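The following questions and answers go through a structure element by element. Each answer ends on the value or name asked for.

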Amino acid sequence: MTPHIPDAVSWCLAVGAPAAAVLLLRQRRITGSLGERIGALEASVAARDEAAHRLASVQAPALAAAPHAAPHDLPPAADARLAGTAFAGHLHSVLEQFAGAAALARDRADQSAKTALKGAVRSLQGLANEQQLSISDMQDRHDDPDVLRDLLEIDHANSQFGRRAQAIAVLCGSWPGRQRRVSALSDVVRGAKSRIRDYRRVEVRTQHELAVVSRAVEPVVLAVAELLDNAARHSQPNTTVEVNLQPAHNGACVVIDDAGVGMDEREIRRAGQLLSGQRAVDVTQLGDPPQFGFAVIGVLAARYGFSVSVDTRSPYGGVRAVLFLPSALLTQPEPETESQPAAAALPAPAPAAPRTAAPAPAEAFPAAPLGQTVGGLPKRRRRHASPEQAAAVRPAADAPLGSEADWDAAWGRSAEDTARRMGAFARGTRAGRAATTDPEGTPQA
Amino acid sequence: MSGDRRLKGLVRPYVVTDGRSHPSRNTFDLVTLVSAMPDRPLAGLSPERRRIVELCLLGALSVAEVAGHLRLPVSVTKVLLGDLVDSGHIMTRAAVPRTPQPDSQLLREVLHGLRARL
């Protein structure tokens, strides 16, 4: 039996060794492939780590800082290894939600800043307007040149103050705040000139018979004032800012040239964006000190339908700004006599001198015929009908009207009538004085 | 002087006078009469100055009236009128002749008369 044992062992070995070898090989293959997988998974985990890190440290801060960035503006969140995986999708959605939340927070902050500013500025605006009215009243009341000089200075400061308040109000979504009548374009430009510090340096070169419609007067004044202020502030104090008014094919242009430092490409691009008025203005992003000018003009231009452009083509080396007013905002100037009928109805002499008796002009100088401008518009109306007119109308009008009260009501009072009344009054007082003998002045006759 | 508030205040007086408040001459009164010289060219005048000349071409006006028509304060109007006199566009004359000084003899007689009565 014993000699069989080695045989048996060798048989076992002969069978077992190949099996073991096969198993060993298989095991090695398995180990190898597992090692590869682990390597791949490790790389993938590293990529995810890196992607998460970039999300937290680069992309989220970029989104939070840039005012109008969207997730697709940023470089892709994951590298190529993660492309198309669910993880990349999740990262992207996180980024989008974060962007949404950031935008919402920004909007809320902007809204609340605007609301607070609007409320504060509106009361300032009201005060500036009130103060301007009282300054105007004082200018009417005082005749002393020294007082006038002080009043003009206060007036100038107040106008600038009012413009600042108005600009902030407009930026916060308010209306420019004052209703004006149809005004000549040259007066609109001079109104804008009234509101800037260096108004003496602004020269309005040309004048045209163009007027701006009532609703656009204040916005255009405000926009031109911002342009003039920019031009004056960015040029030497000894240079002039030149304004030309040019009629165009379907509107008119206000061309403002300065001899200042000009603007570089980047500034012009930024100005163009703001002036287009396409993008909502974020009051929290105006810089420190805040720069309102172009943003305000952009808001006004978009709202009222005019356009403004700036570039560096000023013939004097500075900036040329052009404000284009379409025909829809232009009209014919109202004749100057517009407000005269009101004056004609007043029996009082000159409206400018309520407390001082100015001589009635119609007495001293017979009424002149109605004048006409070169364009044929009526120039001005005397307060009384001329004697010829009155004489021509009177006989015909007497019959139907009858009583003198009717006549007065219909015509004011004719010169003859006034003269007759004055004459009667003078005769009466003279007669009364002649008849008086006692010191109390009681008539005895 | 209520006026139309929408009309006032667009072009401020300091722009109208270019910042000046003192007239170049101090000869104006509310009732000084202003008349225009018809042969002077209007080119180069500011709108307000031009309007003063145009108004006064139609007949003489008092300073107060000119101010009323222009809707400007009288003191501002005087500055403009001073300039126009200097440039020869207008001429002025006092409206009312100066009242002669009362005769002291006459006053004395009145005094005597009153004393005699009382």
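Q: In which helix of chain A is the place of A:L13?
A: This is a predicted model, and the answer refers to its helix assignment. In chain A, residues 4-65 form one helix, and A:L13 has its place there. The helix is α1.

Q: Is A:L13 buried or exposed?
A: The relative accessible area of A:L13 is 56%. The class of exposed residues begins over 50%. A:L13 is therefore exposed.

Q: Which residues form a nonpolar patch on the surface with A:L13?
A: The patch has about 290 Å² of accessible area together. Besides A:L13, its members are A:I5 and A:V9.

Q: Which strands stand at the edges of the open sheet in chain A, and why is one side of each left without a neighbour?
A: The sheet has 5 strands in the order β2-β4-β5-β7-β6, with mixed pairing. Each edge strand has a single partner strand, so one side of each has no neighbour in the sheet. The edge strands are β2 (202-204) and β6 (307-311) of chain A.

Q: In which sense do strands β5 and β7 of chain A pair?
A: Strands of a sheet can pair through backbone hydrogen bonds in a parallel or an antiparallel way. Residues 251-257 form β5 and residues 320-326 form β7, and 7 bridges link these strands of chain A. A:G251 stands opposite A:P326 in β7(A). The sense of the pairing is antiparallel.

Q: How many of the 9 residues of helix α4 of chain A are buried?
A: Helix α4 spans residues 185-193 of chain A and is mostly covered. Among the buried residues are A:L185, A:V188, A:R190 and A:K193. The number of buried residues in α4 is 8.

Q: With which residue does the side chain of A:R180 make a polar contact of 2.9 Å?
A: A:R180 is found in the loop between α3 (145-171) and β1 (183-184) of chain A. With a relative accessible area of 2%, A:R180 is buried. The side chain that meets A:R180 at 2.9 Å is that of A:E218.

Q: Which residue of chain A forms a salt bridge with B:R12?
A: The closest N and O atoms of the pair are 2.8 Å apart. B:R12 lies in the segment before α1 (13-16) of chain B and its partner in helix α3 of chain A, so the pair joins two chains. Both ends are buried, B:R12 at 3% relative accessibility and the partner with a relative accessible area of 0%. The partner is A:D155.

Q: Which residue forms a salt bridge with A:D229, the closest N and O atoms being 3.0 Å apart?
A: The two residues both lie in helix α5 (residues 214-233) of chain A, 4 residues apart, about one turn of the helix. Salt bridges with shared partners join the pair into one network with A:R163, A:R164 and A:E226. A:D229 is buried, with a relative accessible area of 6%, whereas its partner is exposed at 52%. The partner is A:R233.

Q: What distance, N to O, separates the side chains of A:E203 and A:R205 in their salt bridge?
A: A:E203 is partly exposed, with a relative accessible area of 31%. A:R205 also counts as partly exposed, at 44% relative accessibility. Their side chains meet at 2.6 Å.

Q: How many helices and strands make up the secondary structure of chain B?
A: From the N terminus on, the elements of chain B run α-β-α-β-α-α-β-α. The secondary structure comes to 5 helices and 3 strands.

Notes. Residues are numbered from 1 along each chain as its sequence is written. Chains are lettered from A and ligands numbered from 1 in the order in which they are written. This is a predicted model: local features need pLDDT of at least 70, side-chain atom pairs count only at pLDDT 80 or more; totals for chains, interfaces and linings use all residues. Side-chain values use heavy atoms; hydrogens and water are left out. Buried means under 20% relative accessible area, exposed over 50%, partly exposed in between (1.4 Å probe, protein chains only). A polar contact is a pair of N or O atoms within 3.5 Å; within protein, one must be able to donate a hydrogen and the other to accept it, and residues adjacent in sequence count only if both atoms are side-chain atoms. Patches are made of residues with over 30% relative accessible area and no salt bridge: like charges are joined within 9 Å, nonpolar side chains (Val, Leu, Ile, Met, Phe, Trp, Tyr) within 5 Å. Accessible areas come from the Shrake-Rupley method with a 1.4 Å probe; for residues, only the protein chains shown count as cover. A salt bridge is a side-chain nitrogen of Lys or Arg within 4 Å of a carboxyl oxygen of Asp or Glu. Two strands pair if DSSP finds at least two bridges between them.
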